[in-house]
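Have the model open while you read this. We'll start with a strand and its partners, move on to the annotated residues, and finish with the other chain.

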Amino acid sequence: MSTISREEVAHLARLARLEVTDDELDAFAGQLDVILESMKTLAEVDTDGVQPTSQAVPLVNVFREDQPQPSLPRDAALAGGPDTFEDRFRVPRILDEEA
Amino acid sequence: MSDRIIDQTAAELSAGIREGRYTSVEVTTAFLDRIDAIDGTVKAFLHVDREGALATAAEVDADIAAGKETFALAGVPIAIKDVVVTKGMPTTAASKILEGWIPPYDATIVERIKTARMPILGKTNMDEFAMGSSTEYSAYGKTLNPWDTGRIPGGSGGGSAAAVAAKMAPLAIGTDTGGSIRQPGAVTGTFGAKPTYGSNSRYGLIAFSSSLDTPGPVARNALDAALLHEAISGHDPRDSTAIDAPVPPVVAAARAGATGDLSGVKLGVVKEFKEGSDAAEPGVIAAYEAAVEQLVKLGAEIVEVSCPSFAYALPTYYLIAPSEASSNLARYDGVRYGLRAGDDGKHSLEEVMSLTREAGFGPEVKRRIILGTYALSAGYVDAFYGKAQKVRTLIKQDFEQAFESVDAIISPTTPFVAFKFGERTGDPYQMYLADLYTIPSNLYGGPGVSVPVGLSEGMPVGLQVMGPVMGDDITYRVAAAFESTQDTLLADTAPEIEGK
């Protein structure tokens, strides 16, 4: 019994906004199954009462002086965009035609 | 000793430029010409900036002629892994999704390289978004190992390692999330250092796994790496995980190590690595054990330490890193930079995002995004991501306990020598095993260096030296001590590459 099905991989790809092909789904389902099998070994480890580590070297409350500095110029920020229009990033229509 | 400029170490080049034996323009030209001659074969670079590098070199020469003070590595050229953003210079992270992108700012470490006035030769190839151990996952073709062009140069930083190994650059920048500086160093016979997490700024480093990513030096020996380490390290208010503490004295440590005295130094060998050594090739184990004997002759004491949770480091890493990656890579949506696909007036914004990501990401990146999405999804997050974070705590505790009785921990850097192209791309898990020995220090946060120690099957083998958090100096000292036992550095014995 595999840990992860082709359908689950397709669902995860949709959640991650990846338009994967049928061939990729076939390949990924098998490969991810092998990887997830190896991860099941973690269940052997007794972690009762163990605090999770989210950062290698924990720092608490990192502050700095609030000094105004010039921000990235608008032109520079927009320069890398695939499509820009009147100082904005242009995107495909989100809403339907206005009534 | 050769008189060729490209055979000199960074320390020798720095002294030579300062003392007027050659100019920075001569030095920089020598490396650029070397790139022109052989990079058609090795393919270590994604972008070369001859004009920019020579302009910086000319400035340094003018300053030295005018008797001005210069930084330690002023005029010594450097190559930078393409995951580090460089203002005005293309940066792709070896992904199609960032093809043609010109960053509008410099990473902090690039600012420091520019402050030190090191000419930037160009950007080096890597596995896409630093995910891989062979550089085969670059969207722009593979880099060849200068020792055997049928084999991988390691990864993800195969380009930086190959550039230094083939003497196309005296120094390079790498980044290490699970071994991406140390493993390429080991398989190309070069020196690579992953500094303490948080001691080198991540600002301007294209994020893969934010709690693990660490930029660091790639060089031919410990002293050169230490000089670069000190040039780029130190607190940065723009990185909230940066440690606000003095940089460990790695240059002094490398010089101390070069005297060849390790008396009083206790080196730990991990019992569980030894027991699990069926994953390591016999030739790698033999070269490693010969190196350990040399360290003992220098006065080091070998102490066995037990780190039972290291057995779980690989699955822990492959849950945490893809989880963070799936979140970090959400920013590639075809809106603010890079590629946009399917924007034909018929597809919705969401469809355009999905088509863009499908067209722009390669197979390993997609696998890890899906894996991370799985590990973070409702119903699985406690069993996978949450569990991995707790095992990470146990791995940290293993290190902390070991460092109560030893000064540093040693191991082979990677279980096998450079493998042949295509050997492990079909089975991602076999690729992941390359990082078996390097991953623990990423999860812990402490430093690790890889120093070339010998050959197996004619291919380089690396010794890894791991230290406690902010104890980078001891790792350099031990590595430099090993180098002092060698008549010739392994990095100086790579076969000559023929240009095309």
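Two strands count as paired here if DSSP finds at least two bridges between them. Keep in mind that what you're looking at is a predicted model.

**A covered strand in chain B**

With that pairing rule in hand, take strand E5 of chain B, residues 191-194. On one side, it antiparallels strand E6 (residues 214-219) of chain B, joined by 2 bridges. The residue in E6(B) that bridges to B:Gly192 is B:Val218. E5(B) also pairs with strand E10 (residues 448-456) of chain B, again antiparallel, through 3 bridges. There, B:Ala193 sits opposite B:Val449.

What about the faces of E5(B): which residues cover each side? B:Phe191 and B:Ala193 are on one side, B:Gly192 and B:Lys194 are on the other, and all of them are buried.

**The annotated spot**

Now for the record. An unreviewed UniProt entry puts the feature "active site" at B:Lys81, B:Ser156 and B:Ser180. These residues span 100 residues in sequence, but no two of their C-alpha atoms are more than 10.8 Å apart, so they gather at one spot. Such annotations may be inferred rather than shown by experiment.

Where does B:Ser156 lie? You'll find B:Ser156 in the loop between strand E3 (120-124) and helix H5 (158-165) of chain B. Leaving out residues up to four places away in sequence, B:Ser156 touches B:Met126, B:Asp127, B:Ala130, B:Met131, B:Gly132, B:Thr135 and B:Ser180. So much for the neighbours; the backbone deserves a look too. The peptide bond joining B:Gly155 and B:Ser156 is cis, with omega about 10 degrees. Most peptide bonds are trans.

B:Ser180 is in another loop, the one between strand E4 (172-176) and helix H6 (182-188) of chain B. Its contacts, with the same residues up to four places away left out, are B:Ala130, B:Gly155, B:Ser156, B:Gly157, B:Gly174 and B:Thr175. B:Ala130 is a contact of B:Ser156 and also of B:Ser180.

**Burial, side by side**

A residue is called buried if 20 or more other C-beta atoms lie within 10 Å of its own, and partly exposed if the count is below that but over 12. Here is how four loop residues of chain B come out.

| Residue | Other C-beta atoms within 10 Å | Class |
|---|---|---|
| B:Ser156 | 35 atoms | buried |
| B:Ser180 | 36 atoms | buried |
| B:Lys167 | 24 atoms | buried |
| B:Met470 | 19 atoms | partly exposed |

**Two unusual phi values**

The lower two rows are there for their backbone angles. Most residues other than glycine have a negative phi. B:Lys167 has a positive phi near 60 degrees, and its place is in the loop between H5 and E4 of chain B. B:Met470, also not a glycine, has a positive phi of about 65 degrees. Look for B:Met470 in the loop between strand E11 (459-466) and helix H17 (472-484) of chain B.

**An enclosed helix**

How many of the residues of helix H7 (residues 222-232) of chain B are buried? The count is 11 of the 11, so the helix is largely enclosed by the rest of the structure. The buried set includes charged side chains such as B:Asp224 and B:Glu230, along with B:His229. After H7(B) comes B:Gly234, with a positive phi near 120 degrees.

**Chain A and its contact with chain B**

Chain A has 3 helices and 2 strands, in the order α-α-α-β-β along the sequence. Its radius of gyration is 23 Å, well over the 13 Å that the globule rule gives for 99 residues, so chain A is more spread out than a compact globule. Along the principal axes, its C-alpha atoms fill a box of roughly 55 × 45 × 30 Å. Of the 99 residues of chain A, 18% count as buried.

The contact between the chains takes 44 residues from chain A and 58 residues from chain B. Helix H1 (6-15), helix H2 (22-39) and helix H3 (74-78) of chain A each supply at least two residues to the chain A side. Which of them gives the most? That's H2(A), with 8 residues. Sorted by class, the chain A side has 29 nonpolar, 10 polar and 5 charged residues.

Technical notes
Residues numbered from 1 in each chain as written. Chains lettered and ligands numbered in written order. Predicted model: local features only at pLDDT ≥ 70, side-chain atom pairs only at ≥ 80, totals over all residues. Helix = DSSP H or I, 4+ residues; strand = E, 2+ residues; numbered from the N terminus. Contact = placed C-beta atoms within 7 Å. Rg over C-alpha atoms; globule rule 2.2 N^0.38 Å.
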